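Colleague: Could you take a close look at the aromatic rings for me, and at what they pair with? I'd like one connected walk through them.

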Amino acid sequence: DTDKWAAENGFRKELMPYNDGEYYYEPYDPVEYDYMYNAIRIYDKNRLTVLYDLDLHTLVNGPDEKTGRTPLVTEFIRWAKISGDVLYVAAGHNTYASSEPDSSYILAIRLSDAKLLWRSEPLVSNALNFLVDGDTIICGYGFTAEDDFIYLLDKNTGERIDKIKVNSGPDQFEIVGDT
């Protein structure tokens with residue numbers, strides 16, 4: 001239970017929109033339900049100036065430039081975070097991997113020209129958030145009848161560094177000290 005865990009450990013449940021102390025991330029343009037956003041505005045930390053306004057509908061839902069693929073279910077922005085000059089975005093859906101096996105990935109988008117730098121392998125990120133720690137992205141995937149893992153990705157390439165089996169689908173990540 002994420003709400004209980006967050007309260008017991010002095011955290012808040014991570015949901016968008018949110019302020020990371022440097023930027024304010026506000027998704028908009030819901031597709032099917034009011035949490036299924038395909039666009040995001042990123043403001044300064046005081047929410048006075050829009051710094052970036054990105055419509056990611058085609059990037060998230062296709063058709064994919066290389067394969068022409070479109071997902072069978074609507075995908076949406078689950079979390080976003082700027083590190084340096086790159087926006088990292090978790091995109092996914094709320095159903096089983098068998099319904100959409102190419103979903104639940106991390107995207108890296110260069111902010112200067114909105115160019116997609118890389119897309120991670122699928123089925124690595126459906127938690128409420130992910131973390132960028134140094135050169136590593138900490139993310140996780142799991143669902144009711146599916147295997148549950150924490151993934152460590154190289155933030156420069158999107159390549160998987162490690163895959164850690166866990167008992168239950170990771171819902172939220174926090175770093176405290178070296179833990």
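Modeller: Here is the tour of the aromatic rings, with a short stop at a sheet afterwards.

Before we start: this is a predicted model, where local features need pLDDT of at least 70, side-chain atom pairs count only at pLDDT 80 or more, and totals for chains, interfaces and linings use all residues. Residues are numbered from 1 along each chain as its sequence is written, and side-chain values use heavy atoms, with hydrogens and water left out.

The structure has 10 aromatic pairs (rings of Phe, Tyr and Trp, the last by its six-membered ring, with centres within 6.5 Å; stacked means planes under 30 degrees apart, edge-to-face over 60, tilted the rest). Take Trp-5 and Phe-11: their planes sit at 20° and their ring centres are 5.2 Å apart, so this pair is stacked. Both partners are partly exposed, Trp-5 at 34% relative accessibility and Phe-11 at 24% (buried is under 20% relative accessible area, exposed over 50%, partly exposed in between, using a 1.4 Å probe and protein chains only).

Now look at Tyr-96 and Phe-143, which meet edge-to-face, with 75° between the planes and 4.8 Å centre to centre. Tyr-96 belongs to the loop between strand S6 (86–92) and strand S7 (105–110), and Phe-143 to the loop between strand S10 (136–141) and strand S11 (149–154), so the pair ties together parts that are 47 residues apart in sequence. (Strands are DSSP runs of E, at least two residues, numbered from the N terminus.) Tyr-96 is partly exposed at 34% relative accessibility, and Phe-143 is partly exposed at 27%.

There's also a cluster: ring pairs connect Tyr-18, Tyr-23, Tyr-25 and Trp-79.

Some rings have a charge for company. Arg-41 lies over the face of Tyr-28, 3.7 Å from the ring centre, and the charged end of Arg-119 sits over the ring of Tyr-105, 4.7 Å from its centre (the cut-offs are NZ of Lys or CZ of Arg within 6 Å of the ring centre and within 35 degrees of the ring normal).

Last, the sheet. S10, which borders the loop of Phe-143, is part of an open sheet of 4 strands in the order S9-S10-S11-S12, with antiparallel pairing (two strands pair if DSSP finds at least two bridges between them). Its edge strands, each pairing on one side only, are strand S9 (131–133) and strand S12 (160–165). S9 and S10 run antiparallel and are joined by 3 bridges, with Val-132 opposite Ile-137 in S10.
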